[in-house]
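Biologist: I am new to this structure. Please walk me through it, one feature at a time.

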Amino acid sequence: MASKFSKLLEPLIIGPLTLHNRVIMSALTRSRSVPTNVPNDINLEYYVQRARGGAGLIATEGALVCQQGSEWQNAPGIWNQEQVVAWKKITDGVHAEGGVIFNQLWHLGRVSHPDAPEQKASGTPVYGPSAKAARGGKFRFLPGQPGYVTPVAIDDPRAIIDLFRKAAINAKEAGFDGVELHGANGYLIHQFLDSTSNKRTDEYGGSIENRARFGLEILKELVSIWGSKRVAVRLSPSGGYNDMGMPLQETIDTYQYFISQADNLDL
């Protein structure tokens, strides 16, 4: 049995990164950044434990690129200097254990709620590619446990792209080894990709190439900051979470195009 899995414990070189083994820990939302959105000592202990326990590469829980009212209260952010300082303690702790850690960059898009405290504090509405609500949702910390609302259509997607760029710069300052773009699970990148949530008629909607443009432009910005092999993307083509899902052939065609273009960026 030991020999069967011994390959997992061998080092792995990926571009500029050397992992001490091949055990990779995926992003897992923890909702521990109390009282608001700044990582704390509990987050530090959690990630150091995982590195000490043997994870060669860790992708953090989603770090919000701007203040948003998530269903997952107390999710951490990566948009301001206080958060950068807090994450730096975590990356230092993981590195001390020989680990490698990427920060997952996250925007909720239409699955925020305007009555959530963090959304209210942001002073901005809930945004999505189009003014089309997702079915479902349950904000358990709000009276009546409401679901999703109709978002405000993003006027200029480039303003959101700039948020991701700033978050990537912050992640670098915080000592991460790279970043992962959260493009899955019905969040903003996924919402632009999927024709059921993206009803735009401009250069970011309609054709597969247009719907892929938003995510690909973000990836290009991330690569411009981080360079080759330090940027990853998470996708969920077949996931119906958060009311996503196109017909099968459209899904295949959309993701074949997106992945082929992303491959050209040497992620």
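**Reading the model**

Modeller: Start with S197, which is buried, with a relative accessible area of 0%. Buried means under 20% relative accessible area, exposed over 50%, and partly exposed in between (1.4 Å probe, protein chains only).

Biologist: What should I know about the model itself?

Modeller: This is a predicted model, in which local features need pLDDT of at least 70, side-chain atom pairs count only at pLDDT 80 or more, and totals for chains, interfaces and linings use all residues. Residues are numbered from 1 along each chain as its sequence is written, and side-chain values use heavy atoms, with hydrogens and water left out.

Biologist: Where does S197 lie?

Modeller: Elements come first. Helices (H or I, at least four residues) and strands (E, at least two) are DSSP runs, numbered from the N terminus. S197 sits in the loop between α6 (188-193) and α7 (208-226).

Biologist: Which residues does S197 touch?

Modeller: Contact means heavy atoms within 4.5 Å. Leaving out residues up to four places away in sequence, S197 touches R110, P129, S130, H190, Q191 and M244. With Q191 there is also a short distance to read: a polar atom of the S197 side chain lies 2.7 Å from the backbone oxygen of Q191.

Biologist: How do I read a salt bridge, and how many salt bridges are there?

Modeller: A salt bridge is a side-chain nitrogen of Lys or Arg within 4 Å of a carboxyl oxygen of Asp or Glu. By this rule there are 9 salt bridges. One of them joins the side chains of R135 and D243, at 2.7 Å from N to O. This pair links distant parts of the chain, 108 residues apart. R135 is in the loop between β6 (127-128) and β7 (152-153), and D243 is in the loop between β9 (231-234) and α8 (248-263).

Biologist: Are R135 and D243 buried or exposed?

Modeller: R135 is exposed, with a relative accessible area of 68%. D243 counts as buried, because its relative accessibility is 17%.

Biologist: Which residue pairs with E250 in a salt bridge?

Modeller: The side chain of E250 meets that of R211, at 3.3 Å from N to O. This pair too links distant parts of the chain: E250 is in helix α8 and R211 in helix α7, 39 residues apart. E250 is partly exposed at 25% relative accessibility. R211 has 3%, so it counts as buried.

Biologist: What about R158 and D156?

Modeller: They form a salt bridge, with the closest N and O atoms 3.0 Å apart. R158 is partly exposed at 47% relative accessible area. D156 is partly exposed as well, at 31%.

Biologist: Now the empty spaces. What separates a cavity from a pocket?

Modeller: Both are found on a 1 Å grid over the protein atoms alone. A cavity is a set of points where a 1.4 Å probe fits but cannot get out. A pocket is an open set with protein on both sides within 12 Å along at least five of seven lines. Lining residues have an atom within 4 Å of a point. Grid points are joined across faces, edges and corners, and a volume is the space filled by probe spheres set on the points.

Biologist: How many cavities of 30 Å³ or more are there?

Modeller: The count is 1. The largest cavity holds about 30 Å³ of space. Its lining includes H190, D194, M244 and Y255. H190 and M244 are also among the contacts of S197.

Biologist: And what is the volume of the largest pocket?

Modeller: About 210 Å³. It has 13 lining residues, and the closest to its centre are I14, I24, L57, F102 and A232. β4 (57-64) and β9 each supply at least two lining residues.

Biologist: How does that lining divide by class?

Modeller: Ala, Val, Leu, Ile, Met, Phe, Trp, Tyr, Cys and Pro count as nonpolar, Asp, Glu, Lys and Arg as charged, and the others, Gly among them, as polar. The lining of the largest pocket has 9 nonpolar, 1 polar and 3 charged residues.

Biologist: What lines the second largest pocket?

Modeller: Its lining includes W72, W106, H182 and R234. By class there are 6 nonpolar, 5 polar and 1 charged residues. The space is about 180 Å³.

Methods:
Polar contact = N/O pair within 3.5 Å; in protein donor to acceptor, adjacent residues only side chain to side chain.
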